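Here is a short note to read beside the model. Please keep the sequence and the 3D view open as you go through the points.

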Amino acid sequence: MPTYVAIGKDSSGRSRKERVTAASPSEARNLVKERGVYIQDLKEERGFNIDFTEIQTNYLTSVSVKDKAIFSRQFAALVNAGVALVRGLGVLAEECPNPKLKKALEGINSDVQQGTSLSDSMRKHPGCFDNLYVSLVQAGEVGGVLDEVLNRLAKLLEDLNRLQNQIKSAMAYPVVVTILATVIFVAMTVFLLPTFAEIFEQFDAELPLFTQIMLLISAFLRQPLNWVFMVAAFFGAGFLYRRYYATPSGRRTMDRFFLKMPLFGDLVQKTATARFCRTFGALSRSGVPILTAMEIVRDTAGNQVISDAIDDARAEIQTGGMICLALQKHQVFPVMAIQMISIGEETGELDQMLMKVADFYEDEVEQAVKALTSIMEPLMIIVLGAMVGSILISMYLPMFKIMEIVQ
């Protein structure tokens, strides 16, 4: 039978660590409780054995926005129907298809059974529930409107998921066409061009410069060692980029570049504006204090330049400033969004105005994605045609000289 390690406190409040041998975690908990220990954490002692299931659950599986949205919608329905939290969490944990989320729900259910609040239990699983989620749940618990908050969370996450899908759809076409064009170009360069090169050598004709360049590329690509260097250079560049992006200055530089990129910069700005307004509005509507909401929105902005603007705005709000004026100084949000937020502050309906701004810019993102796709399609076709055409031109140019020699 496996050995379990329990960490907790005894009746006098002192920290205790107990090891027990049991057939299941529940049996281990009962044995530890019999020793007078209030369990805070219980894990199976595995020594040096590698548990591939646990590795897959903790590191290879991720909890998507869609997974959390579905869970929130189902949990809200159970809470609204009067089902106890423990029972509802148990039902959802059994039916959860995501192993990482399933494990988190089982741990949360166990903590709630021992008297821990739902928000504090969720805070122990940051890989599944971020600060935004936990703060909204905490506001729902304090206000006694947990079902309403969960429904708002589900709507918020569904909107964010739709926004992410729109961005992915904008990137899917150019990525697929680029990969296809690269594969065709490499295949024709490596396998087709050398065949014609042998024919050209038989006629002892001087090849055009463009054909010579393409033959050099073909010879380079036919060397396996060169592929090793290219792959190493590709991953090395990716590694250096991640290291640079991990630094504060590098992150700011790249995020500022993303905001100013042609074609994509406008899409990035509108996406960030929609996310900011939707999240800030949901937090304000659920009763989360403004300063706390700004702090959470800052951490979920997704762009360091925008995060800095929100953080500076939060500092000004602490001294009595207005949100719209604080955000306007950095010029990272559209003017229309700033004006609508200003109206919301003046009328006392900030949360409703934020939701309207979010709806507007989510529609703008959808239109921008469609426009970007319509622009990218002919551009990618031109790129594909240029890559394939370069191979054909390099093969047909020498034929004219060969025909002159034959005549």
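**Notes on the predicted model**

1. Start at Leu397, which lies in helix α17. This is a predicted model, so please read every value below as computed from it. Is Leu397 buried, partly exposed or exposed? Its relative accessibility is 32%, so Leu397 counts as partly exposed.

2. Leu397 belongs to a nonpolar patch on the surface. The other members are Phe210, Leu392, Ile393, Tyr396 and Phe400. Together the patch residues have about 560 Å² of accessible area. Which helix gives the most to this patch? Helix α17, residues 350-406, does, with 5 residues.

3. Now go inside. In soluble globular proteins, nonpolar side chains tend to be buried together. Here the largest nonpolar core has 81 residues. Phe71 and Phe129 have the most contacts inside this core. Helix α17 gives the most to the core, with 13 residues. A second core is separate and has 10 residues, among them Met214, Leu215, Ile391 and Met395.

4. Phe71 deserves a closer look. What does Phe71 touch, leaving out residues up to four places away in sequence? The list includes four leucines: Leu89, Leu92, Leu101 and Leu105. Met122, Phe129 and Tyr133 are also on it.

5. Tyr133 leads to helix α7, where it is one of the buried residues. The others are Leu132, Val134, Ser135, Leu136, Val137, Ala139 and Gly140. These buried residues pack against α3 (65-80), α6 (118-123), α8 (146-202), α12 (264-285) and α13 (290-299). Helix α7 itself covers residues 131-143, which is 13 residues. From first C-alpha to last, α7 reaches 18 Å, close to the 18 Å expected at 1.5 Å a residue.

6. Helix α14 can be checked in the same way. What span should its 15 residues have at 1.5 Å a residue? They should span 21 Å, and the end C-alpha atoms are 21 Å apart, which agrees. The buried residues of α14 are Val305, Ile306, Ser307, Ala309, Ile310, Ala313, Arg314 and Ile317. They pack against α11, α12, α13 and α15 (323-328).

7. Next come the charges. Side chains of opposite charge can pair when their charged atoms come close. How many salt bridges does the model have? The count comes to 17. One of them joins the side chains of Lys124 and Asp111, at 3.4 Å from N to O. Lys124 sits in the loop between α6 and α7, and Asp111 in helix α5 (residues 99-113). The two are 13 residues apart, and the pair links distant parts of the chain. Lys124 is partly exposed, with a relative accessible area of 46%. Asp111, at 10%, counts as buried, because the cut-off for buried is under 20%.

8. Arg298 has two partners to look at. With Glu295 it forms a salt bridge of 3.9 Å, N to O. Both residues lie in helix α13, 3 residues apart, about one turn of the helix. An α-helix has 3.6 residues a turn, so residues three or four places apart point the same way. Glu295 is partly exposed, with a relative accessible area of 33%. Asp311 also forms a salt bridge with Arg298, the closest N and O atoms being 2.9 Å apart. Asp311 lies in helix α14 (residues 304-318) and Arg298 in helix α13, so this pair ties together parts that are 13 residues apart in sequence. Asp311 is partly exposed at 29% relative accessible area.

9. Some charged residues join up further. Arg162, Arg278, Asp359 and Glu362 are linked in a network of salt bridges.

10. Finally, set sequence separation beside distance in space. Ser26 and Ser110 are 84 residues apart in sequence and 9.8 Å apart in space, C-alpha to C-alpha. Ser26 lies in helix α1 (residues 25-34) and is partly exposed at 47% relative accessibility. Lys260 and Glu349 are 89 residues apart in sequence, and their C-alpha atoms are 32 Å apart in space. Lys260 lies in helix α11 (residues 248-260). Is Lys260 buried or exposed? Lys260 is exposed, with a relative accessible area of 67%.

Technical notes:
Residues are numbered from 1 along each chain as its sequence is written. This is a predicted model: local features need pLDDT of at least 70, side-chain atom pairs count only at pLDDT 80 or more; totals for chains, interfaces and linings use all residues. Side-chain values use heavy atoms; hydrogens and water are left out. Patches are made of residues with over 30% relative accessible area and no salt bridge: like charges are joined within 9 Å, nonpolar side chains (Val, Leu, Ile, Met, Phe, Trp, Tyr) within 5 Å. Accessible areas come from the Shrake-Rupley method with a 1.4 Å probe; for residues, only the protein chains shown count as cover. A salt bridge is a side-chain nitrogen of Lys or Arg within 4 Å of a carboxyl oxygen of Asp or Glu. Helices (H or I, at least four residues) and strands (E, at least two) are DSSP runs, numbered from the N terminus. Buried means under 20% relative accessible area, exposed over 50%, partly exposed in between (1.4 Å probe, protein chains only). A nonpolar core is a set of buried Ala, Val, Leu, Ile, Met, Phe, Trp, Tyr and Cys residues joined through side-chain atoms within 4.5 Å. Contact means heavy atoms within 4.5 Å. The expected span of a helix is 1.5 Å times one less than its number of residues.
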